[in-house]
Amino acid sequence: MKRWLMIKKLLPLALAGSMTFLSAAQAAEPILIGAAASKTGPMAGGAAVTYWPNVKLWEHEVNARGGLQMADGSKRPIRIIEYDDRTDPAETIRAVQRLATNDRADFILAPYSTGLALAAAPIFDRYGYPMVNVSTITDQTDTLSARYERIFFTLGKTSVLAAGVVDALVQLREAGEIGNRVALVNVADAFGIELAQAARPALQEKGFEIVFNRSYPLGTQDLTPVMRGAAAARPDAFVAFSYPPDTFALTELAQVENLDVKVFYTAVGTPFPSYKGRFGDAINGVMGVGGVNADSDAFQAYQKRHQEVTGQAPDFWASAVQYASFQVLEQAIEGVGGVDRAAVTDYIKNNTFQTVMGEWRFENQQIRSYWTVGQWQDGEFKGIASEGNLPGAVAPTIKNGWK
Amino acid sequence: MKQQELIRLVLVALVFGLLALLPLIPANDRLMALAVPIAMYAVLATSWSLFSGPTHYISLATAAFYGVGAYTLANGLEVFSYPLLLLMAALLGGGLAALVGMTTLRLSGVYFVIFTLGLAELIRQLVTWYQNNFTGSRGSYVFTDITEAQIYWQLLGLLALVFLLGWLINRSRLGFAIRIIGNDELVARHSGINTARTKVLLFILSGAFAAVVGAVMAPRFVYVEPSMAFSPQLSFMVVVMALLGGVHRLWGPLLGVVPFAIVWELIAANFPGQTVLFMGLAFLVVVYFIPQGVAGVLEQQLHKIRQRRGG
């Protein structure tokens, strides 16, 4: 009898308790975020540096502070659903479709690399998902923005990246540091071809003489002939629009052949921490694509968190931009106070965002301020030229040998 | 016999008619995501086995033709009309197959396999070289208003065409000749069959189909890159699917494509990080337990049942 009374007394309490528990659980129902990018295949290496660690960091940071603030005052954590696209565009398409229809993801992060992201662009558009691209570098951003009203670009255009290199050379020539002779090398893949195509006329227009011009297929194992040919042409500046494997190979060969140039530029891969890890101080003065404001507090704080949470350092170009793109999504969801995708897309178009890259505002669905050229100076890769006058640029210096 | 064939024809037409209605189902996105790759591989595997089935020449050149088709569309989109481009893709794919066939089909067995594997890589490098030196990045973007459903219908149409041609060939002197070549090339030659011409003709057919499939699929990718258009993985997938289904019957590859694609989908959805590992295990199972293909197993079972009835 006594026990029964006790149960009678406690039952409403227990019920009430479970009710509050339930409502808490409902409020805390996670926002589903889809991520389809490469974990295997040719793009896996780049994604492992720039893409996946940032996804992990973002999930950690958002959930550590309890989740995203909703309009009703509750907070919802985020949950990431990951797929490997195996660097196959057909697989990217299916993964994004699966995320939209099977997993019913609230939002989907843009895939990694130009080809894979663009393959998925029509799917994002059809299902009404905003698509904030980072590593999608093309000159077609205007065409694409006109075509898809939910697509956004953040890392720049190929022609502007090429113009940045030319400007840095002009600056050094005006300072009387270098002459007119340029050796131009590129990987014969979309990115390298587009950049070289843009750089060639720009260099000639500024009165530079292209004394050596060679392309090599993606995946070339031995670049010695390219490096020897370039060295034999006795250039003042060596410019290579390269991908990570060839960036490393060319830098290695430049040291072996003791390439005597005042400017040494390699593209993708140069701002990777592993680049410095491999070559140490020998790369002081090497220029590369991208850059960061290494002195900004926002970047330094980001760098520290990245190291703590993921156990690896971010690169000095796209990593921070990648994280900034997630911050855009995060602030847009909080700004709207919900997961209405149309409202979030509108919010992205019409608002200013505070990111690790500074203040961002999309103009015609594109970010118009980004780093174009950086340089390793005193063990850090610093931005030396940017589109849209980013703060923190340092002056370019010449390269003094490989020791 | 005549009546039986007519019934079969009507049945096949009925099935195709039903399949064509698939995109009309509302909220069909998941279905279409599966149906388009299945239709694509069905055309590729069936047309592949038109040549490789009877002759036992394992061709790994599918990606080469497919890539040529994709680039034909990407480069010509601003100049030519869409149907004309499909025709051009067929001609270019067929022409390439003729060229390759005439020079290499005199080779036998493994030499042919190696050459066709190298062909996709060769053409990839040629296309890249051409782009690098003459067109810049133009011809990489495919902006069209072609929908997923339209791609599916085109692929279905192609599949019907492959079946029709395959059926006609099987009944013709050409089909008879190619079967004799497959059994014993020496005997075929002694019987007065022009073996080289026969093989090249069928190789052209499978090359042309693969090129058209490449052209039809290109709008789906928006951006065509050499490393993706000429992916050797495509060639291997086609071979594995066709062998899984069984290549000694026209409908054999279909029995490989459908289960393979569904299993692939299940693996990708449930073990997104381990697709390659699970695929490898699936290959092993196929090789160990159904080496003669699904079609072979089916026919064996049917044969047993008939025997039991008869006995």
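What average pLDDT does chain B have, and what percentage of its residues score at least 70? Chain B averages 87, with 98% of its residues scoring at least 70; pLDDT is the predictor's confidence in each residue, from 0 to 100.

Before you click further, a word on conventions. This is a predicted model, in which local features need pLDDT of at least 70 and side-chain atom pairs count only at pLDDT 80 or more, while totals for chains, interfaces and linings use all residues. Residues are numbered from 1 along each chain as its sequence is written, and chains are lettered from A and ligands numbered from 1 in the order in which they are written. The model scores ipTM 0.76 and pTM 0.83.

**Select chain A.** Its C-alpha trace spans about 100 × 40 × 35 Å along the principal axes. You will find 14 helices and 16 strands, where helices (H or I, at least four residues) and strands (E, at least two) are DSSP runs numbered from the N terminus. Of the 403 residues in chain A, 52% are buried (20 or more other C-beta atoms within 10 Å of the residue's own, C-beta atoms being placed from the backbone).

**Colour chain A by pLDDT.** The mean is 90, and 93% of the residues reach 70 or more. Among the elements of chain A, strand β5 (residues 107–109) has the highest mean, 98, and helix α1 (residues 2–27) the lowest, 50. Now pick residues 15–26 of chain A: pLDDT is below 50 here, and the stretch has 0 contacts in the model beyond near neighbours in sequence. A contact means that two C-beta atoms, placed from the backbone, lie within 7 Å. Where pLDDT is low, the predicted coordinates should not be read in detail.

**Select residues 30–379 of chain A.** An unreviewed UniProt entry places the feature "domain: Leucine-binding protein" here; such annotations may be inferred rather than shown by experiment. Over this range the chain is 45% helix and 20% strand, and the end C-alpha atoms are 41 Å apart.

**Zoom in on β8 and β9 of chain A.** Strands β8 (residues 181–187) and β9 (residues 209–216) run parallel, joined by 7 bridges. Look for V187(A), which stands opposite Y216(A) in β9(A). Add α8(A) to the view: β8(A), α8(A) and β9(A) make a right-handed β-α-β unit.

**Show both chains.** Here 32 residues of chain A are in contact with 27 residues of chain B. On the chain A side, β4 (78–84), α4 (89–101), α5 (114–127) and α8 (190–205) each supply at least two residues. The largest share, 7 residues, comes from α4(A).

Technical notes
Two strands pair if DSSP finds at least two bridges between them. A crossover is right-handed if, with the strands pointing away from the viewer, the path from the first strand over the helix to the second runs clockwise. A residue is buried if 20 or more other C-beta atoms lie within 10 Å of its own, exposed if 12 or fewer, and partly exposed in between; C-beta atoms are placed from the backbone.
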